[in-house]
Structure formats: structure tokens, C-alpha cells
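Reader: I'm new to this one and would like to go slowly through a single part. Could you walk me through it?

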Amino acid sequence: MTGEGWVRACEVEDIELEDVIRFDHAGRTFAIYRSPDDTFHATDGLCTHERAQLAEGLVMGDIIECPKHNGRFDYKTGEVKRRPACVDLRIYPVSVEGSAVFVQLG
Amino acid sequence: MTTTIERDYSLIGSDSDRAQEQGLVAAEWYHTEIPRKRMKALMQRRDGPAIRDTVIWLALLALTGFGGYWFWGTWACVPFFIAYGVLYGSVSDSRWHESGHGTAFKTQWLNDALYQFASFMNMKEPTLWRWSHARHHTDTIIVGRDREILAMRPPDALRLVVNVLGIRDAIDVVVSVVRHAAGRLTAEEVTFIPESEQHRVYNEARAWIAVYLVVIALAITLGTFLPLMYIGLPSLYGRWLAHYFAFTQHAGLAENVLDHRLNSRTVYMNPVLRFLYWNMNYHIEHHMFPMVPYHALPGLHAELREDLPVPCRSTIAAYREILPALLRQLRDPEYYIRRELPPSAKPFRPDLHQVVFEGSPQP
């Protein structure tokens, strides 16, 4: 994958369907998701409420639930779906090439 | 010889600043490592168990409520209202709690509906307590941060006794609801309820007042306080079991530690009590992993058992350690129950724990 800001995050098989993993890069933390319909997505890794690691949470369809206070986000759009989270998550473009998952962080 | 330190449990006092300075605010807490696959299985949401339990609960409310009505005016109504009161004023507490976490049902609107319903029965203003409880999970039993500490040091014995029937809670709630209906929050509440949520607090308070006014008007019109026996009063006369359960959660244990194994208590209960309490007797487990629904807590307990202190064998066993501890704290606020961890477990951040444990007398 070439182009500005694209970073190889993981392999396709690193993430189960309907799950999430943590990806750290350049001192920042991200969450990489694999949806039930086998699409890949990326958001900031920390909950906007109290900065818990979202990769320890539960993926339910298009929703990621924070493991600490059960706030929810749509990980495809970043939109808050349940309090106590009040601020949307930042999302990042994702591309799959062969067996690799790339995220555009730039 | 130990020095007694006066504690300030308010959220805007000196201990709030001290907690911040000591790194106790929104800190990283100990949690046992569980394989991701197993954790995912434990976190899975289902509608079935909570629908079943809620139907049973509502049916019992209807049956006991009808019995109270049928025998009204005779002594035979008393056992029915005792049962109705517990179902209304105490069982609602565990339903409020689980739906507030969004873990009771898989379907979100069912959680939201149960949350509003149970909050009202339980005298917990929904939005206020949603944020209060989020803080309780962030800073569990951190002095100056957690407003849900029931047994402070030294304990307020009079308040604790009077509150068996929820009298102190009721007075606080009346004052609070009137204040909120007038569009005002306290200085403490402003510290944990975001501005964007404050209008909800005001609107909920106004709705509650409207409901209570309707019930009171109905009682006056009918010339009987029977309507209040169903809505309002059971939050008081049926509250005792919620308090009985609640004290087992943290009372007498350590403050200002970053390890739920040291400040929370797991208590074994029989299936009836676990139904009424929705498995919150697995309280260390709940705090360590709040996204695990109540019906999966026994399974989580089995995963964590080797890393936890030995659970209390019953609520009576729990009170055998709680009551002497609270009595001792009346004259010695530095005393607390020091939990022994299994030999394989390591205390998390022993540097912080050392500060807390230094000089603490033991039985």
C-alpha cells in the first residue's frame, strides 16, 4: 500500500469476525475492527469518555462497547450510541490488500 | 500508635485534591488476565434471561399487590405488602443497576425502559445516578471522588440505622428532586454530570413530581392512602433488603486502593437471593469486568476464583466481619478489613498500597 499516511496495522487473520484488536503506532493507540460482514474499520483506541482501551470491549454488530463504563459507539461512523460517552470517536480509512490491513493515519 | 486522619468525603473538598495528587483519579486498576476468547463469551448479551426474570418480577409485584388490595383493612394484607415492598423498593435496585450498565438485555431500548422504571421505584434519579455510578466505577471507594460510599469512616451510625427504612434517603431525594425541578444542581453534582446532560436531570425531576402529585391526588380523592402503598411508600417500607445487600459490597474494606480485590466483597448467596439481587453478590467480579452481564457472573467468578480473596460463605458471614469493623471504626476510623490475596497474586501498584496500609491496625 502506497500513499500518504498509510500504515500496515495487522493481518486479516489477526482479527476474528465481529471483534477488535489494539494497534499502537508512533505513540498513539488505535482500534482495528472486523465487522460481522467481514469489512475492516479503524478508530482511535481510547474511549472518548475516560480513555479506556476499546480493544478490551465488546463488538456487537456495528457497535463497540467500552469495557469500563459500557459507553457505545458505531465504529463505522464514530458516532456515540450510548452514554456515558458523549463525544464521537475519530475514525480512519482502512484498506485491505492481500492478507494485510492498512490504516491511513496521516 | 496510629494517627487518625480526618476524611472529607465530599467531592469538592480536600480529599478530592489529595486523591488527584496521589494518582488515584481515573487510574489504572488491577484486573486478572482472561483469554480474549473466553472474555468475549462472558461478555455476550442476551435478552432471554432478563425477559424471564422481569416477567417473574412483574408477576410477583402484581400478585402481591393484588393480595394487599384484597385483604386491605385486615392484618392479612401485611405479609402481601411486606413482599410487595421488597419487590418494589429493593429488587428494583439490582434492576436499576444492571440496566444502567446496559447489560441486562441485548436490546438497548429494553435496558433504557427498565432503567427509568426501576430508578423511579428505587428513588434514584436516572441521569444523576447514571453519572454518579460511572464515577463509582472509575474511582471506586476513593475518598473525595466516589459519592456512593455507604459506610464512611467513622460511620454515621444514626444515619445508617434510620436508613434501614430509607428515611434518610427519602429526605435527601425530596430535597434533591425539588432542587432539580427548579433547574439547579449542587456544586458536587456539577463535578460529575456533564453540561449536555443537565437538562435531563431537570426534566426527570419534574416528571417525578408530576407522578407523585397524581398519586397523592388520587389518595385524597378516594379518601384512602392505599394508592401510596403501591407507589411512593414501598420505596421506604420495602427498602431494607437493598441496604442489606448494599452493605456487603464494600463496607469495612480498604479505601483509596486501585485493586477491587481489596475494596470489594464477593459473597455466596442462595439462588433466591441471587435472583432478587441479580448476582451482584459477585461484586469483585462485577467491578473488575463491568461489561459482563449478570447472568454470566457465576461463570466469571469461576474464571477469577484463584486470583480473588476467599469469598464470604453467606451474607451472615459477611455481616460477621462488617458489623465488628464498623463498630470499631466508630472509635478508630483508621481501622479497616485487610483482605488476604492468594499466594500467587501480586498486589497491583504496591507503592500506592503501602501508603494506604502503613500503620493500619489489625484485629
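Reader: Let's take the hairpin of β10(A) and β11(A): how many residues lie between the strands, and which residue there takes a positive phi?

Author: Happy to. Keep in mind that this is a predicted model. The hairpin of β10(A) and β11(A) has two residues between its strands, and Gly98(A) is the one with a positive phi, near 65 degrees.

Now follow the two arms of that hairpin. Strand β10 of chain A covers residues 94-97, and four bridges tie it to β11(A). The two strands run antiparallel. To see the pairing residue by residue, look for Val94(A) in β10, which sits opposite Val103(A) in β11(A).

The hairpin isn't on its own, though. Strand β11 of chain A, residues 100-104, is also joined to β1 of chain A, residues 6-11. Here there are five bridges, and again the strands run antiparallel. Two pairs are handy for finding your way along this side: Arg8(A) faces Phe102(A) of β11(A), and Cys10(A) faces Val101(A) of β11(A).

Put the pieces together and you get an open sheet of three strands in chain A, in the order β1-β11-β10, with antiparallel pairing. That leaves β1 and β10 of chain A as the edge strands, each pairing on one side only. From one strand to the next, the twist averages 30 degrees.

As you look along the strands, one rule of thumb may help: in a regular strand, side chains alternate between the two faces of the sheet.

Before you leave chain A, have a look at where the two chains meet. There, 14 residues of chain A are in contact with 17 residues of chain B. On the chain A side, the residues touching chain B split into five nonpolar, three polar and six charged.

Over in chain B, there's another glycine to set beside the one in your hairpin: Gly223(B), just after helix α11(B), takes a positive phi of about 70 degrees. The helix before it, α11 of chain B, runs over residues 198-222. With 25 residues at 1.5 Å a residue, α11 should span 36 Å, so the 37 Å between its end C-alpha atoms agrees with that. Within α11(B), Val201(B), Glu204(B) and Ala205(B) are buried. Among the elements covering the buried residues of α11(B) are α7 (126-138) and α9 (167-181) of chain B.

Technical notes
Residues numbered from 1 in each chain as written. Chains lettered and ligands numbered in written order. Predicted model: local features only at pLDDT ≥ 70, side-chain atom pairs only at ≥ 80, totals over all residues. Pairing = 2+ DSSP bridges. Expected span 1.5 Å × (residues − 1). Buried ≥ 20, exposed ≤ 12 C-beta atoms within 10 Å, placed from the backbone. Contact = placed C-beta atoms within 7 Å. Axes fitted to C-alpha atoms, helices over the stretch in contact; angles between N-to-C directions. Nonpolar A, V, L, I, M, F, W, Y, C, P; charged D, E, K, R; others polar.
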